[in-house]
Amino acid sequence: MFAILFLLLSVLPRAGAQLEDCKVLSTRNGFVSFGCRDGAQVRLQAVTPEMIRVRVSPDGQFPEPLTVRWGFVRDNFPPVQMKTSSTGGMVLIDTGALLVKVESNPFRFTLLDRAGKTILEQTKLSHGTPNTLQVRTRPDEHFYGLGFQRMALDVRGRKLQWFRSFRSNEATVPFFMSTAGYGFYSNNTWKHVFDFTGGDSYRISSDGGQLDYYLIHGPALKQILKRYTDLTGKPMLPPRWALGIGYEARYMEEQPEVIKTAQGFRREDIPIDWIGLEPGWEDVPYNMKWNWSPKRFPDPDAMIRTLAGMGIKMGLWESGAAPKTGYTDPEVRKQWYSPRIQAAIKKGIKFFKQDDPYPRMISSQEWLPPEMNKALGGDGVFSAAEMNNLTNSLYSETAMQEYTRVTGERAMLMFNGYDSSIASHRWPFTWEADFPLGVGALSASFSGHGLVSTRDRNESPDGIHLGYLAPFSYLEAWAYYKEPWLYSDDLLEMNRFYVKLRYRLLPYLYSSLHQANANALPLMRPMALEFQDDENTHLLATQFMLGDSLLVASATTSLTSGSEGVTNSRESVTPGKAPVYLPRGTWYDYWTGRAIKSQGQWHTSAWPESAGGPLWVKGGAIIPMGPVMSHSDEEPLEVIRLDVYPASTSHCTIYEDDGTTYAYEKGGFATTEVRAVEQARSVTLSIGARQGSYKTMPTRRGYLVSLHTGLTPARVVLGSAKLPKVASKEQLLYSWASRGWYHDAKAGILWIKPEAGWRYEYDARGAAKDPDRDTAYWDQGSHSPRALTIQVSLTESAPEPKPVYGTAAALAVESQFDKLIADGTSTSAVTITVLDAQKRRAYDSNVPVRIEALGEGVLGCGARVCTVNASEGVANTTLTSGLTPGRVQILASAQGISGAGTQVETVRGTIVLKASPPERVKLNSDGSWLPLRLNLYATIHSGGVRMRSASTRLRMHVTGGSGKLPADLEARAEKGIAVFRDVVLEKPPKYVVVVSGDGLEPARIPIY
């Protein structure tokens, strides 16, 4: 017994065995091998001149890693010619781009650039249980990445594990980047600990296997990311429709309601590309037998056809139920995947929401605490501990490949964020899953994920702003109601506004996402990735760049707002305003067109009532835009609007392909280069000829330019010929024959239509139902795309004309609103203008104006008669309604001037209620209920019209139920809408909610 124990101990590696007395054994083909005192060997490889691989073997054997065996890590780089020299106990390796200085006793090395600057200094390297690497840190060094982890943007001072499990804050991939100019990737699949709490050093340890890691030099973070994905694979392009809007339906939804919801998006003129079903599509939810529920979905084929006829794709929830042994055999995985083919794919299902890990290691029922099952078993060859971090990648790859094999189309899977692992950045896309997102999307972007999402909250302005400007955008209903028409009128309009903005941006978003496929640049770019040299961006987690040109910032102190996410040092913000950090350069406020030159500083950003947060455009931006469509494939991209924000010299590449297949990987795509050059009094825009081709490529191509400038155009030249100035923007856009330019001086936009032959017109719905009027129609001529050069000459804007100073002769009275609710609080602004004999404003008039209110109401001075001195010909006051319906005459007079008046009606109003959710919702098939968190929207109307003047305080009272009822609540209306948010109703019996207010008829709504 003791002999056996002694034998076992003698062959096991020592815990943390330090490598000592190491000597060079060989130098060949880009490798340098060292032999150490205890029989261990170290192999340094120059994978590329900028990438070093370090491997440690306790016995001199270097088996092929599983990551390489299954194609998750590339191992076929061409050999690098290295130079090696020795001095005393020091070995110097020169890769042509890097210098590696190796000390042999104990073994440690330093990575330097060609100038001799230290990039990384490894201070300890030991093998055994655990394997450990220790690296010195710089005082100002920051560390980003580690997959979809949500612990912190910069993980310095944190300790994270990498081990596939039910996790949110932990690492999901063994890769990170340092602002010191290098990236680290561990090629060992055993459980890791990344410990950045050491102050002057960090430690990385793994429970088993061999030390095997890559050091990737940049020095730019963008270069590191590209080289990391050269090693581990580039992100695949998703289908183009994935950049549109999606809706994930409620858990126990039924077939008629799915069609009704789709019709609702079309009725409300809100574009949408896909609808997904949650587990309730199955006959027994969560059993993954791939049988449709005959009760809830009696004819799924007809449903899918109906949606397809509306241009809407259909998706299904699936869990990670899968074999737990034998899965290293591709045939076992294909067999696992096969039920999807007949039950879903052949019916026309276009994507899957993959919820729990492959294979499913977690048994959970919705909101109940997760129950961890037994650890994953091996298949008789590989240990469970070694396979744990690889299993999901094998299954995920199979899911991607099999869908494409069956359909010939790009696969689209929503992979679970807490399950992303080796190579998961390749596959579109990762969603946040069941935990608050925090900085997860930014960390994933730092780790090679080209397409990520933020947590959707389309019931609040800041959530709408961030959700629809996220790389991947969808409404997750689950057990709730996310349909925009169940919110207040202003939120409905804001949802519509942002969704249409997103669809206009589809050419820009798709071209930007192609950069992820080509160079690993994610669509969501953390500020530190885009502006690495600006230290102010290194910890910035409340804003991001969407592609090259758009800066999206949060209206609150958190990227995901509410109670989620990460706060920065700014603890509060003013409603309608937020601090935004603008790096050095020219920036344009997207909402106003205002340009500012920032020196790299914080600015207070405001936004209009129709928006939900700050949006800025980087100077030099050239943003390709398309039309608003009900879905992304409704119209061919035949006319591209180039939205140009000039600053020095800039360019963009418009990328196009069929949007469906992987033909782009074999050259099936087209690009168009656009370049803008700004000089003191001119802008030159060069649009190159389209290069390349693909099967569905439009044969016609027209351009519309919107050039943002504070100067006045003197002339516009196409090639060598002057373009004519047209009388109106409408003439330019809506006439086939028109070409030329129109300057909108108020907006600061020069509109240029370089070639005739096309016009914008209403789509098939007609003028009454198509407010956008941006569908392209063509005449019968030839319109092949060609290269164009547009030169714009600019002059200083003419000074504003001096105001006219006439003799005061009359007064004019205007009221902001012609109706007020008779509640004693609703207010209207009243403006009295002093006019001269020609009815022009008399700017030099400062006469006292007597204002009188006859009827139910008081003026701003608190009385029915006030005297206000006009300033530059204008006097202002307010009218506040009384409590009795009637009319108010507002009369204004001044000595020696003709008086005037107007009339305001005070009325009794009505309350229109919308509840979200509008009814109680069963969550599980066992009939249980979710606690109900009710949002109630009360809109004040009169004569069927929303009373924007109303600021009435409303009261809510709940009746019904058998348990404790919520206390009566109050909310003041703003612009005619009051919101009672997060009202908790604990039990499922019948509730009736009653809302009342002064001057209003009470309203009630049942919640059953």
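In strand β27, the residue that serves as bridge partner of G246 is Y474. This is a detail of a predicted model, and it belongs to a wider contact between two strands, since five bridges join strand β19, made of residues 245–250, to β27, the two running parallel. Both strands are members of an open sheet of seven strands, whose order is β26-β25-β22-β21-β20-β19-β27 and whose pairing is parallel. The edges of that sheet are β26, residues 430–431, and β27, residues 473–478, each of which pairs on one side only. In general, strands of a sheet pair through backbone hydrogen bonds, and they do so in either a parallel or an antiparallel way.

**A helix beside the sheet strands**

Helix α5 covers residues 300–309, and within this helix P300, M303, I304 and L307 are buried. These four residues lie on the same side of α5, because they cover an arc of only 95 degrees around the axis. On the other side of α5, by contrast, R305 and G309 are exposed. What, then, covers the buried residues of α5? The covering elements include helix α4, residues 255–267, together with the strands β20, residues 274–277, and β21, residues 313–318. Strands β20 and β21 also appear in the order of the seven-stranded sheet described above. After α5 comes G311, a residue whose phi is positive, near 80 degrees.

**Disulfides**

The count of disulfides in the model comes to two, and when the bonded cysteines of the protein are numbered in sequence order, the pairing is 1-2, 3-4. The table sets out both links.

| Disulfide | S to S distance | Angle about the S-S bond | Handedness |
|---|---|---|---|
| C22 and C36 | 2.0 Å | 105 degrees | right-handed |
| C861 and C866 | 1.7 Å | -75 degrees | left-handed |

The link of C22 and C36 connects distant parts of the chain, 14 residues apart: C22 lies in the loop between β1 (17–18) and β2 (23–28), while C36 lies in the loop between β3 (31–35) and β4 (41–48). Are these two cysteines buried or exposed? C22 counts as buried because its relative accessibility is 3%, which is under the 20% limit, and C36 is likewise buried, with a relative accessible area of 9%. In the link of C861 and C866, C861 is partly exposed, with a relative accessible area of 47%, whereas C866 counts as buried at 5% relative accessibility. A further cysteine, C652, is buried, with a relative accessible area of 11%.

**Aromatic rings and charges**

The model holds 49 aromatic pairs by count. One of them is formed by Y588 and Y645, an edge-to-face pair with 5.1 Å from centre to centre and 65 degrees between the planes. This pair links distant parts of the chain, 57 residues apart, with Y588 in strand β32 (residues 585–589) and Y645 in the loop between β37 (639–644) and β38 (649–657). Y588 is buried, with a relative accessible area of 7%, and Y645 also counts as buried, at 1% relative accessibility. Elsewhere, ring pairs link F143, F176, F184, F194, F196, Y202 and Y213 into a cluster.

Two positively charged side chains are placed over tryptophan rings. The charged end of R267 sits over the ring of W485, 5.4 Å from its centre, and the charged end of K353 sits over the ring of W431, 4.4 Å from its centre. R267 falls within the residue range 255–267 given for α4, one of the elements that cover the buried residues of α5, while W431 falls within the range 430–431 of the edge strand β26.

**A buried glycine**

G873 is found in the loop between β55, residues 865–869, and β56, residues 874–881. Which residues does G873 touch, once those up to four places away in sequence are not counted? They are I832, T833, V834, A842, Y843 and S845. G873 is buried, with a relative accessible area of 0%. The C-alpha atoms of G873 and L811 are separated by 9.5 Å, although the two residues are 62 residues apart along the chain.

Definitions and conventions
Residues numbered from 1 in each chain as written. Predicted model: local features only at pLDDT ≥ 70, side-chain atom pairs only at ≥ 80, totals over all residues. Heavy atoms only, no water. Pairing = 2+ DSSP bridges. Buried < 20%, exposed > 50% of the residue type's maximum accessible area, 1.4 Å probe, protein only. Arc of directions from axis to C-beta. Contact = heavy atoms within 4.5 Å. Disulfide = S-S within 2.5 Å. Phe/Tyr/Trp six-rings, centres within 6.5 Å; stacked < 30°, edge-to-face > 60°. Lys NZ or Arg CZ within 6 Å of the ring centre and 35° of its normal.
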